[in-house]
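Please examine the arrangement of the chains shown below. The explanation that follows it considers confidence, symmetry and contact in turn.

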2 protein chains.
Amino acid sequence: MNIVVQKYGGSSVGSIERIQNVARRIIAKKNQNNKMVVVLSAMGDNTDDLLKMAYQISDKPPKREIDMLISTGEQVSISLLSMALDAMGHKAISLTGPQVGIKTTGHHTKSRIMDIDDAIIRKYLKEDKIVIVAGFQGINEKSDITTLGRGGSDTTAAAIAGKLQCKCEIYTDVDGIYSLDPRLYPNARKLDFISYEEMLEMASLGAGVMHSRAIEIGQKYNIPIYVASSINDVPGTIIKESEKNMESALITGLAIDNNDAMITLNHVPYSINVTAEFFDNLAKKDINIDMISQTSPQDNGVNISFTVPKNELSDAKEILVYMTKKYPDISYEIKEDICKLSVVGIGMRSQSGVAAKIFVLLAKAGIQVEMVTTSEIKISYVIKPADQKKAVEVIAVEFEL
Amino acid sequence: MNIVVQKYGGSSVGSIERIQNVARRIIAKKNQNNKMVVVLSAMGDNTDDLLKMAYQISDKPPKREIDMLISTGEQVSISLLSMALDAMGHKAISLTGPQVGIKTTGHHTKSRIMDIDDAIIRKYLKEDKIVIVAGFQGINEKSDITTLGRGGSDTTAAAIAGKLQCKCEIYTDVDGIYSLDPRLYPNARKLDFISYEEMLEMASLGAGVMHSRAIEIGQKYNIPIYVASSINDVPGTIIKESEKNMESALITGLAIDNNDAMITLNHVPYSINVTAEFFDNLAKKDINIDMISQTSPQDNGVNISFTVPKNELSDAKEILVYMTKKYPDISYEIKEDICKLSVVGIGMRSQSGVAAKIFVLLAKAGIQVEMVTTSEIKISYVIKPADQKKAVEVIAVEFEL
């Protein structure tokens, strides 16, 4: 008998009716001779509502207490789903992250999974129960409740599937992975397959469908991850290992991210020590740097640009203030009015000139590029949000996305 | 340095402002050189709202899942209070029932506390933290989350105070214990002191202020329990050991309970075995029998009347059906339109004739009594709800309550 791990997101369990709908889908899958493990997010806007209360009380609520607060959301959804399954005649058991032994490490509100005690899940599966696990949460070495940050429930699902060596199905409010967001470009193509690597680049760039950590885990354990709609029965997209002999499209996908700000440091002393100290301080605050671009040194040092999530900007500013006090030559500039456009494709590995081709396209459209970084299968451009629509269009048409 | 355990009920933490108000009260007490342990209920109607969702999903949701669901309520309130204290500059830590090692036994939704691991609380108190504990909940031997049933947060507070051998203060939406409910009789007297025994009788009879389990624990560990308003600073009532030499009032209090139904069994075979089997079956279903009255045997057996909470009536009916099938001579009758009026007083021990006096009062007022039971310090009468107001009045006037 197969085990299947299914994950349903917040909007899929946003009401009593939707929870009942999810219960019916689980039962249908179970009746196809599967043992079911289900990972849930909190209902609809529940997490946001809880956070709103927290920020009414404090500008800077302790993150341990934030985790204590918001981890209740999944506990509500899992118990209600368990009741719905019971009412439909199927044995089920709901388990919190701590109960299922999801051990985490790292900072509160963005912890990482260290290990999962699959014995507990296997025990209940043997009792022929549908096991319902609270996504997004775990327990750290101090026995404090932790949460996994954005996309945490996807990560929980992938980690459990990895541990159980079984299929992972992510049901969400989109019906698969598109070459680019259909809201940005209505003619966007839905992909039947995408490689872990391409999806990783897409996810970390804000494709919005899945968080990169879940895909990394899928890749690590070589678990195919199926992404599909929790409402329709339209076929979704399978994220899996890339097939070596398959002729790859030059660009598989295009992603836009409006959540980052760009910080530029000028006159940084040309010393790897200063640069290292700077990024080390940012890392210690758990600030996610994405693009980094450093220009060749000039007389008065080097210039470094990098992007950080806007919601981590206040933490980053503290470091900026500290470092510019320590190194008074350095000045800094923050631009929040930017957007990041990235193109991803395994085909880039074997074919050159993609960056050049896009530069030409953007130039023809009169779009200014503020920053560029490249990797083996990805190129990212920082442009003005006002230019976003035009840029997406010219690239999508050219590369038949 | 003293330790003080304070408990705040649901209406005391029903909004952000009220939580902040509670935080200020805790800080004031802490500044009087006390180490603080605070037990909280869920915010306002939170538990009811969660239960409403559960019953939208199922007529009979599994009780394990009910506990999983409703235990989130306290987790929300404790984390918010911890944030409020932090914002006011005081270190605090919130802990769930499982985290604080509140081990429980018995059935889900009405578990009993077996033990508390006070080491965890003491450790955080030593770190000079205000320890905030989720009331009403614990963990059983299977590591499932459990809840303690009605008045559970009071029980949590008393149990922690008992374990720490310190004062217990219960803050609620009434400003103390009254001789009878002021809503029933506006001239009711507030008591400065009441003995554990009297309060136990008052509590189990629906005085509504505190649950009897908390008082039992107070009595067992000889911890005085102070009951007062969480809003006003009016002095409340201390529940403590009765002072032997104190001249006791004949009646300390009068309580009304509208939550019970009366079941009468007719033609029960005159055999202790049958009666025992009957009540044993009810006990196995955890049904709380309160009054039991058995009349002297006649030719066709004995008649037995007893009261059960109305919300346990459907469980009780299953037993009735089973037993009347097994013993076809027995017939039964259920009356839901009843109310229970009880008078309590340690003074009854030394003075006789209270029951007679009340019978006369009720007869003069034309009030029919359906059932009577007596104990050493309590007499209970089952009457019609329509007669309740009149009965309260004549007794309150006569005994100067």
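The paragraphs below begin with the model itself and end with the contact between its chains.

This is a predicted model, in which local features need pLDDT of at least 70 and side-chain atom pairs count only at pLDDT 80 or more, whereas totals for chains, interfaces and linings use all residues. Residues are numbered from 1 along each chain as its sequence is written, while chains are lettered from A and ligands numbered from 1 in the order in which they are written. Chain A has a mean pLDDT (the predictor's confidence in each residue, from 0 to 100) of 90, and 96% of its residues reach 70 or more. For the complex, the predictor gives an ipTM of 0.77 and a pTM of 0.79.

Two copies of a chain are related by a rotation about an axis and a shift along it. Here, chain A is superposed on chain B by a rotation of 180 degrees with 0.1 Å of shift along the axis, at an RMSD of 0.1 Å; the fit is by least squares on the C-alpha atoms of residues with pLDDT of at least 70 in both copies. The two copies are thus related as by a two-fold rotation axis. Among the residues of chain A, Thr72(A) comes closest to this axis, with its C-alpha at 2.7 Å.

Residues are in contact if their C-beta atoms, placed from the backbone, lie within 7 Å. The contact takes 26 residues from chain A and 26 residues from chain B. On the side of chain A that touches chain B, the elements giving two or more residues are α1 (16-30), α2 (46-57), α3 (63-70) and α4 (72-87) of chain A; helices are DSSP runs (H or I, at least four residues), numbered from the N terminus. The largest share of that side, 10 residues, comes from α4(A). Because 100% of the interface residues of chain A are also interface residues in chain B, the copies meet through the same surface.

How values were computed: Contact = placed C-beta atoms within 7 Å.
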